[in-house]
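Trainee: I'd like a close look at just one part of this one. Can you take it slowly?

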Amino acid sequence: MASISVAALLSLVTLLLLAIGSNAGGIAIYWGQNGNEGTLAQTCTSGNYKFVNIAFLSSFGNGRTPTINLAGHCDPSSNGCTKFSSQIKSCQARGIKVILSIGGGWGGTGGYSLASSEDARQVGAYLWNNFLGGHSSSRPLGDAVLDGVDFDIEGGDDQYWDDLARYLSAHSKKGGKKVYLTAAPQCPFPDAYVGNALKTGLFDYVWVQFYNNPPCQYTSGAVTNLKDAWKQWTSAIPAQKIFLGLPAAPQAAGSGFIPPAALTSQVLPGIKNSAKYGGVMLWSKYYDDLDGYSSSIKNHV
């Protein structure tokens, strides 16, 4: 039997580690909707998250004055949210992508909608100038340049979100800092609101909400529906990475919570072999703090 050289053995080990590493995912978290969840800086120093979605820009489009809503964290009307600029920069210095999430539970006629392609262009310009690489005298989060925009569209209709994605993506093509585009669709496929936008292929990360949707979520040991939906999302959506979106505690959603032991033993092994597997998204930092969900799963994600 031919002996194997040390160099060959090392290269084999390296290849194996790379193969394992390619399936290693990260955790995305939503922060901003509960004043008792700690600061943005504390969220990033935990070491648990690769992405932080600041939630939410809750009002915009169709003639509305764009308004950021960070619950009890700050008062945007008095420029109180600009204090997070330095915290955003410290998160980014740790290699964490900080993204502005637009939308949330205020959809439809109340909080946000896009009236036309031109409206989408204007909203895109507002986001660029006030949160990304552009310039404005009234940046709600100060001079920090966020890494991108998250589409958490949960109401209204599916019109013009694809245009908004194109306008935002165009800024990446002009050079300078890349604008990452992410989205948080519901797991029934295709999503009722951002389904068309996702077809553009412009989205980098898509964290699909596998909760509050019984037909495609985990229920007490039954993983078939979730895995079937996962296969559909990963095969049909032209995004870089797809994330498994979950509630971080039973209280965080009406249904769909997966106990950590079940996630690591029953669910993740069946989805991590997908080339598009990106990790897990959790709603939200406040709920994650209750039982330390991210800490219990991060070595398995």
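Which residue just after α5 takes a positive phi? And could you walk me through that helix and whatever packs around it?

Mentor: That's Gly175, with a phi of about 95 degrees. Before we go on, this is a predicted model: local features need pLDDT of at least 70 and side-chain atom pairs 80 or more, while totals for chains, interfaces and linings use all residues. Numbering runs from 1 along each chain as its sequence is written, and side-chain values use heavy atoms, leaving out hydrogens and water.

Now α5 itself. It covers residues 161-173 (helices are DSSP H or I runs of at least four residues, strands E runs of at least two, numbered from the N terminus). Its 13 residues reach 19 Å from first C-alpha to last, close to the expected 18 Å (1.5 Å times one less than the residue count).

Buried here are Trp161, Asp162, Asp163, Leu164, Ala165, Leu168, Ser169 and His171 (under 20% relative accessible area with a 1.4 Å probe, protein chains only; exposed is over 50%, partly exposed in between). They pack against β4 (97-104), α4 (117-131), β5 (148-153), β6 (180-183) and α6 (195-198).

Let's follow the α4 side. That helix has 15 residues, and its end C-alpha atoms sit 21 Å apart, in agreement with the expected span. Its buried residues include Val123, Leu127, Trp128 and Phe131, and what covers its buried set includes α5, along with β2 (51-59), β3 (67-68), β4 and β5. Take Leu127: beyond four places in sequence, its contacts (heavy atoms within 4.5 Å) include Leu164 and Leu168, plus Leu100, Ile102 and Val149.

Leu127 and Leu164 turn up again in the largest nonpolar core (buried Ala, Val, Leu, Ile, Met, Phe, Trp, Tyr and Cys joined through side-chain atoms within 4.5 Å). That core has 75 residues, and Leu127, Phe151, Leu164 and Phe210 have the most contacts inside it. A second, separate core of 16 residues includes Phe51, Ile99, Tyr205 and Phe243.

Back to where α5 ends. Lys177 meets Asp147 in a salt bridge at 3.3 Å, N to O (the cut-off is a Lys or Arg side-chain nitrogen within 4 Å of an Asp or Glu carboxyl oxygen). Lys177 is in the loop between α5 and β6 and Asp147 in the one between α4 and β5, so the pair ties together parts 30 residues apart in sequence. Lys177 is partly exposed at 38%, whereas Asp147 is buried at 9%. Asp162, Asp163 and Arg166 are joined into one network by salt bridges that share partners.
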